[in-house]
Structures are given as structure tokens and as C-alpha cells.
Amino acid sequence: MRLRISHRTSYHYDTPVHFALQQLRKTPRSSPMQSIVSWNMSLEGAKQELSFSDQHTNHVILSSIEPGQTEMTIMCEGEIDTHETHGVLGFEVQHAPLWYYRRETPMTTVGPELRKLLKALPHEDSELSRMHTLSALIRDRVAYETGQTEVTTTAEESLKAGHGVCQDHTHIFIAAARAIGFPARYISGYLMMDDRIDQDAAHAWAEVFLADIGWVGFDVSNVISPDERYVRVASGLDYKEAAPVSGMRFGDSAESFSVSLQVEQQ
């Protein structure tokens with residue numbers, strides 16, 4: 001399936017910005033799941049300083065906002081051929097060792113709520129079946145509701161609240177998988193919805209390393225493994241490491257932003 005993506009993010013500041021740096025993880029890579037036909041990222045009100053590959057093999061662009069700007073825009077567009085692998089990425093070459101993906105982070109720390117969840121997870125002979133069961137269990141206990149959590153909400157907090165979005169589902173799944181010994185990581189990317197072209201936001205899901213299969217994706221919010229409608233962009237231990245945009249700025253400027261995102265089949 002060939003997907004066309006157009007993603008525009010504009011940042012607005014109430015006073016001129018004197019200095020700011022941002023890491024942009026918005027460039028997908030080819031893999032068994034996808035082939036990049038074309039991809040272009042352009043900046044308005046900012047400039048690229050350098051690019052590098054991080055510990056997760058994400059392509060990262062470091063950009064700086066031009067002094068005195070009150071607006072900055074990131075425009076990404078391109079076409080990707082996606083391939084049906086039933087969510088299996090496999091045994092990819094990467095910088096970080098597998099044990100690194102068993103690390104707890106502040107977003108994925110296991111607490112009482114996660115321990116109660118794991119007690120309800122049945123033991124199964126198949127690791128793959130157990131992960132699918134975990135995904136369904138989380139989705140059953142945490143309703144998908146927008147506007148109830150923040151980017152800083154932890155896995156424990158969203159599980160206790162009983163609602164969240166794809167980021168929250170992914171953090172809970174990652175925390176639970178690591179707690180029972182599986183390397184797991186956060187994936188940011190795109191999902192083409194069947195009933196619309198305009199999307200509200202990008203998407204997130206988890207990947208777990210299974211000894212006989214390699215890395216396998218699990219989208220808890222939709223209780224499936226990624227298929228041809230998904231485009232994988234970046235990975236990390238949690239949202240903070242896979243966030244499309246992260247950075248710092250000096251000054252007291254208040255920031256707001258707007259997003260326009262279209263994902264459609266060609």
C-alpha cells in the first residue's frame with residue numbers, strides 16, 4: 001500500500017524568541033515494514049544545525065529557531081510503501097543492546113496498579129499470545145478518552161485513572177512487558193484511519209522483542225499489531241525519547257501550536 005503523508009506543525013510565541021534548540025525525530029526509515037519513496041522536511045523560522053543517528057537509530061535533525069521569531073513551522077511530506085508483516089519488524093541491527101530496553105523510566109515505573117494488572121495476566125506457553133493478551137487486558141481496563149491525560153502522565157497514573165490515549169496505553173504496555181522480562185520500546189508514527197484523511201494527531205504503539213521472532217508491534221489502543229496502514233517513524237524507551245519534537249528555549253515566551261495532518265492511500 002502506498003501512503004501519502006502531509007504533516008504541518010506550527011509553533012506560536014507571544015514574544016520574540018531569542019534562542020531555542022529542537023530535536024526533530026520526524027524522518028521515517030526503510031525497514032521490512034516500509035519503503036520510503038520520498039520524504040521532505042522543511043523549516044520556516046528555523047534552520048537545521050546538524051543531523052545524526054541516535055542510540056535508537058532514529059534520524060534526528062537538530063534545529064535552532066532564528067532569533068526574534070514569533071512563529072516556527074515544521075512541514076513534512078512524502079510517500080511510503082508499506083508492507084504487511086503482521087507487526088513483525090524482526091531482528092534489526094541497532095546501536096543499543098537488548099538489555100537497554102528492559103530499563104525502567106519515570107514514565108514506565110511499575111507501581112501498585114501495574115502489579116495488580118500483571119497478577120491478572122494469565123501465563124501462556126506462547127510469548128506472542130501472552131503479549132496479545134496483555135494488550136487486550138490493558139485496553140479493557142483503560143478506556144480511550146482524549147483530554148484526560150497529559151504528555152507527562154505516567155503509566156501508573158493513567159492505569160489508575162482508567163482512561164487515556166495511545167501514549168498512555170503504550171506506556172502501560174511497555175512497563176508491564178519489561179516487568180515480566182521482555183525488552184520493550186515506544187514507537188511514534190502515523191496511522192491511516194479508514195474513515196478520514198485528516199487526522200487529529202500522530203500515533204503511538206509499542207514493540208516487544210520476542211526471542212523467536214524479533215521485534216513485534218502492538219497497538220493497544222486498537223488491540224491489533226500494526227498493518228499496512230501504519231508508518232513507523234521513531235523509537236525510544238518512552239515518549240520522551242521518541243517524541244517528534246523536543247527541545248529547550250530561553251525566555252518567558254508562552255508557546256502554543258497548531259497541527260495539520262493528512263494521511264491517505266495513493
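Colleague: Why is Cys76 called buried?

Modeller: In this predicted model, Cys76 has a relative accessible area of 0%. The word buried applies under 20%, so Cys76 meets the definition.

Colleague: What makes Cys166 buried?

Modeller: The relative accessible area of Cys166 is 10%. The limit is again under 20%, and therefore Cys166 is also called buried.

Colleague: How do you know that the sulfur of Cys76 is too far from the closest cysteine sulfur for a bond?

Modeller: The closest cysteine sulfur belongs to Cys166, and it lies 18 Å from that of Cys76. A disulfide requires two cysteine sulfur atoms within 2.5 Å, so this pair does not qualify. Cys166 is accordingly in no disulfide, and the structure holds 0 disulfides.

Colleague: What makes the buried residues of helix α1 line one face of the helix?

Modeller: The buried residues in α1, which spans residues 112-119, are Leu114, Leu117 and Leu118. Viewed down the axis of α1, the buried residues fall within an arc of 95°, so they line one face. A general rule helps here: an α-helix has 3.6 residues a turn, so residues three or four places apart point the same way. On the other side of α1, Pro112 and Lys119 are exposed.

Colleague: Against which helices do the buried residues of α1 pack?

Modeller: They pack against α2 (127-141), α3 (155-161) and α4 (166-179). Contact here means heavy atoms within 4.5 Å.

Colleague: Why is strand β13 described as largely enclosed by the rest of the structure?

Modeller: Strand β13 covers residues 214-218, and 5 of the 5 residues are buried, so the description follows.

Colleague: How do you know that β13 pairs with strand β7 and with strand β12?

Modeller: Two strands pair if there are at least two bridges between them. Strand β7 (residues 88-90) and β13 have 2 bridges, in the antiparallel sense, so they meet the requirement. Strand β12 (residues 203-210) is joined to β13 by 5 bridges, also antiparallel. Within β13, Val216 is the bridge partner of Val88 and stands opposite Val208. β12 and β13 form a hairpin, with 3 residues between them.

Colleague: What makes β4 and β15 the edges of their sheet?

Modeller: The open sheet has 4 strands in the order β4-β5-β2-β15, with antiparallel pairing. β4 (46-53) and β15 (245-250) each have a single partner strand, so one side of each is left without a neighbour in the sheet. Neighbouring strands of this sheet are turned by 20° against each other on average, direction ignored. The partner of β4 is β5 (residues 59-65), joined by 7 bridges, and Leu50 stands opposite Leu62 in β5.

Key. Residues numbered from 1 in each chain as written. Predicted model: local features only at pLDDT ≥ 70, side-chain atom pairs only at ≥ 80, totals over all residues. Heavy atoms only, no water. Buried < 20%, exposed > 50% of the residue type's maximum accessible area, 1.4 Å probe, protein only. Arc of directions from axis to C-beta. Axes fitted to C-alpha atoms, helices over the stretch in contact; angles between N-to-C directions.
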